[in-house]
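Trainee: Please take one strand of this model and go through it closely. I would like to know how it is placed among its neighbours, and then have a short look at other parts for contrast.

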Amino acid sequence: MNQPYRGSAQTWQISVEANTMVPMRDGTRLATDIYRPAEDGQPAPGPFPVLLERTPYDKAAPGNADMGRYYARRGYVCVLQDVRGRFMSEGEWYPFAKEAPDGFDTVEWLAAQPWCDGQVGTMGGSYCGSDQSALATLNPPHLRTMVVAVGAASYYHASMRQNGALEQRFIIYAFRMATTSREALADAGLRALLEEAYANVGEWFGRVPFKKGASALRHLPSYEQWVLDILTHGEYGPYWQQRGYDIAGHYAELADVPTLYLGGWYDSYARATCENFVALAKLKQSRQMLLMGPWTHGGWEETFAGEVDFGIDSHIHYHDLRLAWFDHFLKDLPTEFADCQPVRIFTMGTGSDRRQYTGHIAHGGFWREEPDFPLPDTEFTPWYLHPDGYLSRSEPDPQPSASRYTFDPRDPVPTIGGGISAANPIMEPGGFDQKGSPRFFGCTDSLPLNARSDVLSFQSEPLANDLEVTGPIRVVLHVSTSAPDTDFTAKLIEVVPPTPDDPDGLAFNLTDSILRLRYRRGWTRPEPIGEGEICRIEFDLYPTSNVFKAGHTIRLDISSSNFPRFDVNPNTGGPLGQDRTFRLADQTVHHDREHPSHVLLPEIHR
């Protein structure tokens, strides 16, 4: 390539048209702010490429206004829109599920404006990432490219629900969003009520089931109904197959346009981000790219995730990154995306393990580019569970062996870190030493989590050499239970030997997940399990990329709860989100030659 990398210069003035009401196909009008390049105080005629972000978080918020100005100064029309039922837009808000047609109509309305050159790119993260993919399933003719940051693939399989269990951060989300509902903004008394309810939202996790009409959400029927729906729709059926929830179910229809999928290893959409790239890179002809950093949800301009830090090179500048993408695909400029590999990832784990002045652990890491994901030279290697808490590559012995514990739904294992979003202060995302602390919801002591009788730990010998693990991770367990339904959880942990800063060593989480046993044979047909029946279960943890350094050990913790991240199974087999009773479950994890329970690690040997 002979041309130097360059991007759009900041040469334009700005003109802002606030609250343009864009009509949808059903007559509802959505409030839209339009930031246009200007000259001599007047909007420039253009035409220009258009960048669209559709948001439930107030298009006029300071950060959004800054974003609009950033792109307009660089020769784009930047369009920010309140989604249906939020802030200045008309209609009723029902989260996520119904965003596809509104997004399609907005793209095509923009393309028809005289200042648009016929090209519309979309951008945004979280909700604003998912609603991009939703509109793309309808394949708008003028959609040209997308930057989908931390967006969904299937809200059933890896977000609102995960392998059958509910991610309770969405209950917190409903209470938080209620405080900025149109009703709350119009009524100071109602807003004060809803803000108080949000401040005490953790109290609802101790009151199950969630009852209609009992919470402050009763003043916002669509918000309350959404919580009830995601609690009680346990099977993968028509509810979860709506376009806004089930991007993966509509991959074949999704627009074939260049797309950057941006995510973080400690983000709640890590699995979805990778799955979108893997599927669509094979299915589409246009350029698809994956960029994964060591971040929590939206934390791409930070260097840490929870208690661990990855060094100054680990962060990115979000606007600059997206500008380089749009400059290349909408203006044909030779930016960094002109000749890069399809996969750019940050591999964690090459730091000193010492405490920095901030208190964070220097875990370190490095950026790399790769031709595909999973990496082409991945060796998926089983690490087997053995008696006495041992984890190794060697196959288990023939003689029967098993580990047992009792799971009491009244005393669930507390959540300490992980891929969580929009759940502070109830749940903190990221990597943390797996010890109790008052900072973590539900912790009653400062002991290690695996000191509990209902947590099984399987740990390797100290590694003789560095071992890189990069890619998707799967757990295979052979289990039995005394209950008709129950859950099993798994958490992959790196154990760091003692250092002068941490003389007891550290054990911090890398990734985890859960499986609800009633769905062991499929997501559409729940089945109770017979008492004592041994069954083989498989479930995916979120992907990661980490170097386990020589002297460190690999640990896999197995239990039956991770609360309040996931709803607690009452073990009765009753209807989800409705059962008012509970029972103890005697759990058994089998690990012999006939029942080779293991974690499948994506090892990289170079």
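Mentor: This is a predicted model, and the strand to take is S5. Strand S2 (residues 29-39) pairs with S5 in the antiparallel sense, over 4 bridges. Within that pairing, Asp33 has Leu80 of S5 as its bridge partner. Strand S4 (residues 48-55) also pairs with S5, but here the two run parallel and are joined by 6 bridges. Leu80 appears again in this second pairing, where Glu53 stands opposite Leu80. Leu80 is thus the bridge partner of Asp33 and the residue opposite Glu53.

The parallel pair also belongs to a β-α-β unit: S4, helix H1 (residues 62-72) and S5 make up this unit, and the unit is right-handed.

Next comes burial. Strand S5 covers residues 77-82, and 6 of its 6 residues are buried, so the strand is largely enclosed by the rest of the structure. Buried here means under 20% relative accessible area. In a regular strand, side chains alternate between the two faces of the sheet. In S5, Val77, Val79 and Gln81 point one way, while Cys78, Leu80 and Asp82 point the other way. Residues on both sides are buried, Gln81 and Asp82 included.

For contrast, consider an open sheet of 3 strands, ordered S12-S13-S15, with mixed pairing. Strand S12 (304-305) and strand S15 (361-362) are at its edges with a single partner strand each, so one side of each has no neighbour in the sheet. Strand S13 (residues 308-309) pairs with S15 in the parallel sense over 2 bridges, and Val308 stands opposite Ile361 of S15.

A buried residue in a loop is also worth a look. Asn569 is in the loop between strand S25 (553-559) and strand S26 (585-590). Its relative accessibility is 1%, and Asn569 therefore counts as buried. The Asn569 side chain makes a polar contact with the side chain of Asp485, at 3.0 Å. A polar atom of that Asn569 side chain also lies 2.9 Å from the backbone nitrogen of Asn571. Leaving aside residues up to four places away in sequence, Asn569 touches Phe407, Pro409, Asp485, Thr486, Asp487 and Arg516. Asp485 is therefore both a residue that Asn569 touches and, by the cut-off of 3.5 Å between N or O atoms, a polar contact partner through its side chain.

Methods. Residues are numbered from 1 along each chain as its sequence is written. This is a predicted model: local features need pLDDT of at least 70, side-chain atom pairs count only at pLDDT 80 or more; totals for chains, interfaces and linings use all residues. Side-chain values use heavy atoms; hydrogens and water are left out. Buried means under 20% relative accessible area, exposed over 50%, partly exposed in between (1.4 Å probe, protein chains only). A polar contact is a pair of N or O atoms within 3.5 Å; within protein, one must be able to donate a hydrogen and the other to accept it, and residues adjacent in sequence count only if both atoms are side-chain atoms. Contact means heavy atoms within 4.5 Å. Two strands pair if DSSP finds at least two bridges between them. A crossover is right-handed if, with the strands pointing away from the viewer, the path from the first strand over the helix to the second runs clockwise.
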